[in-house]
Amino acid sequence: SYSGFSQNVIKVDFETADEGYTPSGTEGSGYTDVFNRSNSSLSNVTNEDGYFWAVEDLSLSNPYITLDQINVTGATSFTFSIDMTAHHYNDWDDSDELLITYSVDSGSYGNLMAVQNTDDGTIYNEPAALDTDFDGEGDCSGDNTIPALTQGTGGGGCAVSTSNFKTFTTSSISLSSNTTLDIKLQFNGLTSGDEGIYLDNITITHNSI
């Protein structure tokens, strides 16, 4: 089941284990060496609101989370938003990514949102940011850079100056007489110490009547 304020707002906030989401597996606890829900206190973060999903120094091979069979009958569009902050400002490698995809009516998956390191010619130890054009490189900007528990400037010049969870939202995605929506959050790499990201308040908003 999904929690939310109405049938048009579906929210997964990790307050209850496995409510509205399914992980491919879990490991660890706290906020290091983990792929699991956690309510640890994150350093320098003041807007935690209970449990979140913690991903750091994975032993699991490319795990994922799915949000399956969301009812979008009658909707002509939806938006997706997620709160995120990273472990450190300068520890994502070129091989690390969070790729979020979606499928309607159990069809093929398309890109929804992606997080990559801000490569800029340096393949190791850079900040993470939204990859808005899905070219494999994070787009460093005030809107797109992921906050981090530690702050600083990466070797390529991308600055991280905030730590709190930040909400990232897609543009409106069109639907056409669809009935179900599946969303997959795929985590690739993130296997080394200090490589991590924390997620909360995944929200899908659609306009069905």
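1. Burial. In this predicted model, 52% of the 209 residues of the protein chain count as buried. The chain exposes about 8800 Å², and carbon and sulfur atoms supply 43% of that area.

2. Overall fold and dimensions. The protein chain contains 16 strands and zero helices. Its radius of gyration is 16 Å, close to the 17 Å that the globule rule gives for 209 residues, so the chain is as compact as a globular protein of that length. Taken along the principal axes, the C-alpha atoms fill a box of roughly 50 × 35 × 30 Å.

3. Contacts along the sequence. Consider the contacts in the protein chain between residues at least 6 apart in sequence: 66% of them join residues at least 24 apart. Two of the aromatic pairs discussed below illustrate links between distant parts of the chain.

4. Aromatic pairs, first example. How many aromatic pairs are there? The count comes to nine. In one of them, the ring centres of Y31 and Y198 are 6.4 Å apart and the ring planes stand at 70°; this angle is over 60 degrees, so the pair is edge-to-face. Y31 belongs to the loop between β3 (22-23) and β4 (34-38), whereas Y198 belongs to strand β16 (residues 196-206), and the two are 167 residues apart. Are these residues buried or partly exposed? Y31 has a relative accessibility of 25% and therefore counts as partly exposed. Y198 has a relative accessible area of 0% and is therefore buried.

5. Aromatic pairs, second example. The rings of F52 and F165 have their centres 5.9 Å apart, with planes at 55°, so this pair is tilted. The pair links strand β5 (residues 52-56), which holds F52, with the loop between β12 (159-160) and β13 (166-169), which holds F165; the separation in sequence is 113 residues. F52 counts as buried because its relative accessibility is 0%. F165, with a relative accessible area of 9%, is buried too; the cut-off that applies to both values is under 20%.

6. A cluster of rings. Which residues do ring pairs link into a cluster? The members are F14, Y21, F35, W53 and F187.

7. Charges over rings. The student may also wish to look at two places where a charged side chain meets an aromatic ring. The charged end of R37 sits over the ring of Y51, at 3.7 Å from the ring centre. The charged end of K184 sits over the ring of Y64, at 4.4 Å from the ring centre.

8. The disulfide. A disulfide is a covalent bond between the sulfur atoms of two cysteines. The structure holds one disulfide, formed by C140 and C158, whose sulfur atoms are 2.2 Å apart. The angle about the S-S bond is 95°, and the link is right-handed. C140 lies in the loop between β10 (128-130) and β11 (152-153), and C158 lies in the loop between β11 and β12, so the disulfide ties together parts that are 18 residues apart in sequence.

9. Surroundings of the two cysteines. What is the relative accessibility of each partner? For C140 the value is 41%, so this residue counts as partly exposed. For C158 the value is 4%, so this residue counts as buried.

Definitions and conventions
Residues are numbered from 1 along each chain as its sequence is written. This is a predicted model: local features need pLDDT of at least 70, side-chain atom pairs count only at pLDDT 80 or more; totals for chains, interfaces and linings use all residues. Side-chain values use heavy atoms; hydrogens and water are left out. Rings of Phe, Tyr and Trp (its six-membered ring) pair if their centres lie within 6.5 Å; planes under 30 degrees apart count as stacked, over 60 as edge-to-face and the rest as tilted. Helices (H or I, at least four residues) and strands (E, at least two) are DSSP runs, numbered from the N terminus. Buried means under 20% relative accessible area, exposed over 50%, partly exposed in between (1.4 Å probe, protein chains only). A charge sits over a ring if NZ of Lys or CZ of Arg is within 6 Å of the ring centre and within 35 degrees of the ring normal. A disulfide is a pair of cysteine sulfur atoms within 2.5 Å. The radius of gyration is taken over C-alpha atoms; the globule rule is 2.2 Å times the number of residues to the power 0.38. Contact means heavy atoms within 4.5 Å. Accessible areas come from the Shrake-Rupley method with a 1.4 Å probe; for residues, only the protein chains shown count as cover.
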